[in-house]
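Trainee: I would like to learn how to read the inside of a protein model, beginning with empty space and ending with the backbone. Could you take me through it step by step?

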Amino acid sequence: MTQHAADYSVVLEPPARLHKDASVPKPNLSSMEEYKSMYEQSIRDPTTFWGNMAREMIHWQKPFETVKQGSIENADAAWFTDGLISPCYNLVDRHAIERPNDIALIYEADELNEGRYITYRQLLADVSQFAGALAALGVTKGDRVAIYMPMIPETVIAMLAVIRLGAIHSIIFAGFSAESVTDRINDSTCKLIITCDESHRGGKRIPLKSVINRAFPNCPSLTNVLVFQRSPEASTAMEEGRDIWWHDIVPKFPKYYPPAVVNPEHPLFLLYTSGSTGKPKGVVHTTGGYLLGAAATCKYIFDLHPTDRMGCAGDVGWITGHTYIVYGPLMIGSATLIFEGTPAYPDYSRYWSIVERHKLTQWYIAPTAIRLLQRAGDDYVKYDRSSLRVLGSVGEPIAPESFMWYYNVVGQGRCAVADTYWQTETGSHIVSSMGPVTPMKPGSATLPFFGIDAVIIDPISGQIIEGNGVEGVLAVRNSWPSAARTVWKGHDRFIDTYLKPYPGVYFTGDGAYRDKDGYIWIRGRVDDVVNISGHRLSTAEIEAALLSHDSVAESAVVGIPDELTGQAVNAFILLKPNVVANADLEKQLIMSVRSTIGPFAAPRKLIFSDLPKTRSGKIMRRILRKILAGETDQIGDVSTLAEPKVVEHIIHAVHHAHEKNA
């Protein structure tokens, strides 16, 4: 059996202060024994386990009797189907009734001292008024509403107002191009889009409304654009009869609008994620199960209490922002941070200034940010962080050295660190340490969350490998409440992507190793998806953007390790006959990706060469990865290639590209 360094990793016990310090709340989990007992019940008797948890954490308009029906094998699992639930009541109203003056949203604007606090009482009034405005514009239960907004409170208000009507929001990351916005709106046939004149980020102003102006003519389902004015001094082109200013319509409506009641399987939101086939998938999350997963993981992984202040520096354009900025914390009734800026503005101490000023108790960021701040130096970590109890990492596996810096320097050895593993499709965490109780191994996602029967599969035989000390593909053998139900208008695609590769289990697309103690170590993607700063993009999506240029005959995109962003994109490009590569063409190709997808997807390096293809025409990206890694001695058998000699030409092209960029 192959031995792994993971088997000999340092083990860090959770800080004793989390259990013994009278100044911090009593942990939601008392010990590893309690975790093990709960986990065993969740696998052995999920009906009882999830039924009890749903009754405890969710207010039901009509109590359910059936906990679960269907199965993962048949792709028809459903939860709490004979109950009724009001999502917005659970997130806002019940807290506004019980604790109206408690803080719900902590807004940290890009510029210092421009933020504000919003109480649950105020949040209820703001959400109700906006729901009234949406209803007046014709939004009804089941309609899709697109949101293209920066990280400001109005974005969260818009999300909550949409679901208050029983409508379905589709948030589009405010870094996507007009073309990407158009694709997502047309796939989900959104009735209306909510946007902003511009966003403020890192001291810069980024126009958003202009992107929507370019997208709107190509989106026949849209009727209106509702625009929040972030910058009164900005010049914003508004079209009469189509575009409506937020401040012109919202204040006209009452500060209470009754919340919709829906079936627990009613879609709560769509969120588009990249897949190996290139076309973004509209992942569908339903109401009851998703909210339960969001609340349960917040409670047990982050040890979140109603008196806490949750700090997540993510963006609601991605699943992290949905679950751990909005839905999870508001289900618990805690305060949650909305951060508009970047970790480096005005300097590298910004995060820790936020922690001190707002007395945050949890802090959740990506390894990309951790590496950036680690590189900037310890001198910037200078503000009081004593309020913190649990630190979290999200988006990609965190390297052990970054984990230790996060633990020792940021957390001062006083905080638990949760290295969380999950996906857009899982809805909430599926592997993570339980903040106050799980011994931590730097670099490991640790153990499965309640109800997650995580298994390792041999990718060759397709069989589950039992026991510890095994490596293969990570899968989940059962259904769980927060799992996505389908792909919008593409259930066959959902089955093909997640359930068909290994029948009877959910396929994560990630390789993993389970060590001698049962801890899970994520090894990265096994399909054609790259992870840039925690943002998953399909290689096919980037290739399609490159192929849209008239000079490109073929392209192949691969991800390579990058110290700062986790992965960087390198693109191999075969030009059409009589086309010569030059600096101007390179700029055009990079702009093609930036304008089609967004700046964050732009290739780090372009390599002009032929491509290694089998006789059937399949591009062997494995060979390209080996060449980029300098592992030409490990390429292996190339006899299956249509032109084996092409490998030598690719090696030469890569060397030339390296020299040019040196």
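Mentor: We will go through cavities, a pocket, the nonpolar cores, the domains and then some backbone details, bearing in mind throughout that this is a predicted model.

Trainee: How many cavities of 30 Å³ or more does a search of the whole structure find, and what lines the largest cavity?

Mentor: The general idea is that rolling a probe the size of a water molecule over the atoms shows where empty space is left. Here the search finds three cavities of 30 Å³ or more, and the largest cavity holds about 60 Å³ of space. Its lining includes W50, G289, G293, T297, H429, F449, F450 and W480, and helix 10 (residues 287-300) gives the largest share of that lining, with three residues. By residue class, the lining divides into six nonpolar, six polar and no charged residues.

Trainee: How do the residues that line the second largest cavity divide?

Mentor: That lining has seven nonpolar residues, one polar and one charged, and among its members are I171, F173, F176, R184, Y272 and W318. The space inside the second largest cavity is about 40 Å³.

Trainee: A pocket is open where a cavity is closed, so which residues are closest to the centre of the second largest pocket?

Mentor: The second largest pocket has a volume of about 290 Å³, and of the 14 residues that line it, Y35, Y39, L447, P448 and G518 are the closest to its centre. Helix 2 (residues 32-44) supplies the largest share of this lining, five residues, and the lining as a whole divides into eight nonpolar, two polar and four charged residues.

Trainee: Which residues have the most contacts inside the largest nonpolar core?

Mentor: They are I194, Y327 and F450, in a core of 166 residues, and this core draws at least three residues from each of domain 1 (122-261) and domain 2 (533-660). F450, which also lines the largest cavity, touches Y35, Y39, W50, Y300 and M434, among others, when residues up to four places away in sequence are not counted. There is also a second, separate core of 28 residues, which includes L12, I103, I106 and I370.

Trainee: What separates the centres of domain 1 and domain 2, and how many residues are in contact between them?

Mentor: The two centres, taken over C-alpha atoms, are 37 Å apart, while seven residues of domain 1 are in contact with eight residues of domain 2.

Trainee: Is R371 buried or exposed?

Mentor: R371, which lies in helix 13 (residues 367-376), counts as buried because its relative accessible area is 14%, under the 20% cut-off. Leaving aside neighbours within four places in sequence, its contacts include E396, D562 and E563.

Trainee: Where, finally, does the backbone hold a cis peptide bond or a positive phi?

Mentor: As a general guide, most residues other than glycine have a negative phi, and most peptide bonds are trans. In this model the peptide bond from Y345 to P346 is cis, with omega near 0°, and P346 sits in the loop between strand 15 (335-339) and helix 12 (350-358). D303 has a positive phi, near 50°, and N578 has a positive phi of about 75°. D303 is buried, at 4% relative accessibility, whereas N578 is exposed, at 82%.

How values were computed: Residues numbered from 1 in each chain as written. Predicted model: local features only at pLDDT ≥ 70, side-chain atom pairs only at ≥ 80, totals over all residues. Heavy atoms only, no water. 1 Å grid on protein atoms, 1.4 Å probe; cavity = no way out; pocket = protein on both sides within 12 Å on 5 of 7 lines; lining within 4 Å. Points joined across faces, edges and corners; volume = space filled by probe spheres on them. Helix = DSSP H or I, 4+ residues; strand = E, 2+ residues; numbered from the N terminus. Nonpolar A, V, L, I, M, F, W, Y, C, P; charged D, E, K, R; others polar. Core = buried A, V, L, I, M, F, W, Y, C linked by side-chain atoms within 4.5 Å. Buried < 20%, exposed > 50% of the residue type's maximum accessible area, 1.4 Å probe, protein only. Domains from an automatic or database assignment. Contact = heavy atoms within 4.5 Å.
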